[in-house]
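Visitor: Please show me the model, and let us then go through its contacts by question and answer.

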Amino acid sequence: MAMSTKAINLASFSSVFPSSLDKLNKPSKGVQNSFWVPRIPLVKAVQSPAESDTGRWAKQRRPQNADGDFFVDHTCIDCDTCRWMAPQVFTRAGGMSAVYKQPTCKQDRLKALQALLSCPTNSIRTEVPPPDILEAQKTFPIPIDEKKLPGVYHCGYHSSKSYGASSYLIIHPDGNILIDSPKFTERLARKIEELGGVCYMFLTHKDDVADHGKWSKRFSCNRILHSGDVEACTADVETKLDGNGPWRLGQDIMLIHTPGHTEGSVCLFYMPLKILFTGDHLLMRESGLDIVAMYNRYSVGTQLDSVKRLLDLDFNWIIPGHGRRIEFKDVGEKNAVLEAFVEEKYAHYSSVKNKW
């Protein structure tokens, strides 16, 4: 199939949001954080010569793994990818992922290999080279649900540059959209090309841009990022969103400014299938809904306000950059869950602030 080159008009438009007509030529100014939240600094580890033995140890099998071929080593960053991709094989043990049950059928083995290929730190390994690894590679990008969500794919190949974030592909008649950046591999690029290539690369925020430059060069796609999140590595993106939006990408895709996790966080609302792609704005962990406040880069209070504004949107699915996907039975259930979540978080962080 030839790559579609038909452009989608990108423009600001009016909607239910009070700020929908505010299209400024400068980054938006968010509300300063009114909550005190402990943060974990973003740092890069530097290995010293004395750590070489530790490095070799890190690639060894964790004792929490079940006996057998598949195992997780000590380099796991607990990103949860393998646990939601292949829950019948992987679990959390000792603060990291581990194999709790070796795959016993072809389908479980395929899921385990897909998780292995998607692990951002290459922490999933096998005792012997898997003879069917090429077959597993050919399955990417993976359809999420061909009946409920036709044309929506999980790209796999999560990148350590994006802290293990997921990337998704929407097949669209006016040009396909790649949401955030997977690790660049030519094998994946060829498979995406067979599906029509990439017309737009929508970057939800500055943390999950990974190999955006390589994907842009491969497909000559139009990258979209909010100006509030532009950094040196993304200074050359083709489209920088200004102001508070929202913006339309064609007739059926809305870009929603949801500042908080970062100043320029933006969600993509795919209206025909009622999907909200949330990046790091809102996600589902094993413990439930979360805004990962400890990694907040801008304002927790603003992030909670942005979550509350999602009550005005008619969606049934949340597909986040990290963690599990959520399907609500209807918008009523979605609103009930979000309202309860926001109220609980407002109370929690206000209480924390008062203690300080």
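Visitor: Is K148 buried, partly exposed or exposed?
Guide: This is a predicted model, in which local features need pLDDT of at least 70 and side-chain atom pairs count only at pLDDT 80 or more, while totals for chains, interfaces and linings use all residues. Residues are numbered from 1 along each chain as its sequence is written, and side-chain values use heavy atoms, with hydrogens and water left out. Buried means under 20% relative accessible area, exposed over 50%, and partly exposed in between (1.4 Å probe, protein chains only). K148 has a relative accessibility of 45%, so K148 counts as partly exposed.

Visitor: Which residue meets the side chain of K148 in a salt bridge?
Guide: A salt bridge here is a side-chain nitrogen of Lys or Arg within 4 Å of a carboxyl oxygen of Asp or Glu. The pair of K148 satisfies this at 3.1 Å, N to O. The partner, at 40% relative accessibility, counts as partly exposed; the residue is E327.

Visitor: How many residues apart in sequence are the parts that K148 and E327 tie together?
Guide: Helices (H or I, at least four residues) and strands (E, at least two) are DSSP runs, numbered from the N terminus. K148 lies in the loop between β6 and β7, and E327 is in strand β20 (residues 326-327). The pair therefore ties together parts separated in sequence by 179 residues.

Visitor: How many salt bridges does the rule give?
Guide: Besides K148 and E327, the salt bridges include D211 with K161 at 2.5 Å, N to O. That pair links the loop between β10 and α6 to the loop between β7 and β8, 50 residues apart. D211 is buried at 6% relative accessibility, whereas K161 is partly exposed at 49%. By the rule, the count of salt bridges is 23.

Visitor: Which residue of helix α5 is linked to R218?
Guide: R218 is in helix α6, and the partner is 32 residues away in helix α5 (residues 186-194). The closest N and O atoms of this salt bridge are 2.9 Å apart. R218 is partly exposed at 23%, and the partner is partly exposed at 32%. The partner is E186.

Visitor: Are the rings of W215 and F219 stacked or edge-to-face?
Guide: Rings of Phe, Tyr and Trp (its six-membered ring) pair if their centres lie within 6.5 Å; planes under 30 degrees apart count as stacked, over 60 as edge-to-face and the rest as tilted. W215 and F219 are four residues apart in helix α6, so about one helical turn separates them. Both are buried, W215 at 0% and F219 at 3%. Their ring centres are 6.2 Å apart and their planes are at 0°, so the pair is stacked.

Visitor: Which residue joins W215 and F219 in a cluster of ring pairs?
Guide: The count of aromatic pairs by this rule is five. Ring pairs link W215 and F219 into a cluster with F184.

Visitor: How far from the ring centre of F219 is the charged end of R218?
Guide: A charge sits over a ring if NZ of Lys or CZ of Arg is within 6 Å of the ring centre and within 35 degrees of the ring normal. R218 meets this over the ring of F219. The distance is 5.1 Å.

Visitor: Which strands does helix α6 touch in the sheet?
Guide: Two strands pair if DSSP finds at least two bridges between them, and seven strands form an open sheet of mixed pairing in the order β6-β7-β8-β9-β10-β11-β12. Axes are lines fitted to C-alpha atoms, for helices over the stretch in contact, with angles from 0 to 180 degrees between N-to-C directions; the direction of α6 makes about 150° with that of β11. Contact means heavy atoms within 4.5 Å. Helix α6 (residues 212-219) packs on the sheet and touches β9, β10 and β11.

Visitor: Which strands stand at the edges of that sheet?
Guide: Each edge strand has a single partner strand, so one side of each lacks a neighbour in the sheet. The edges are β6 (142-145) and β12 (239-241).
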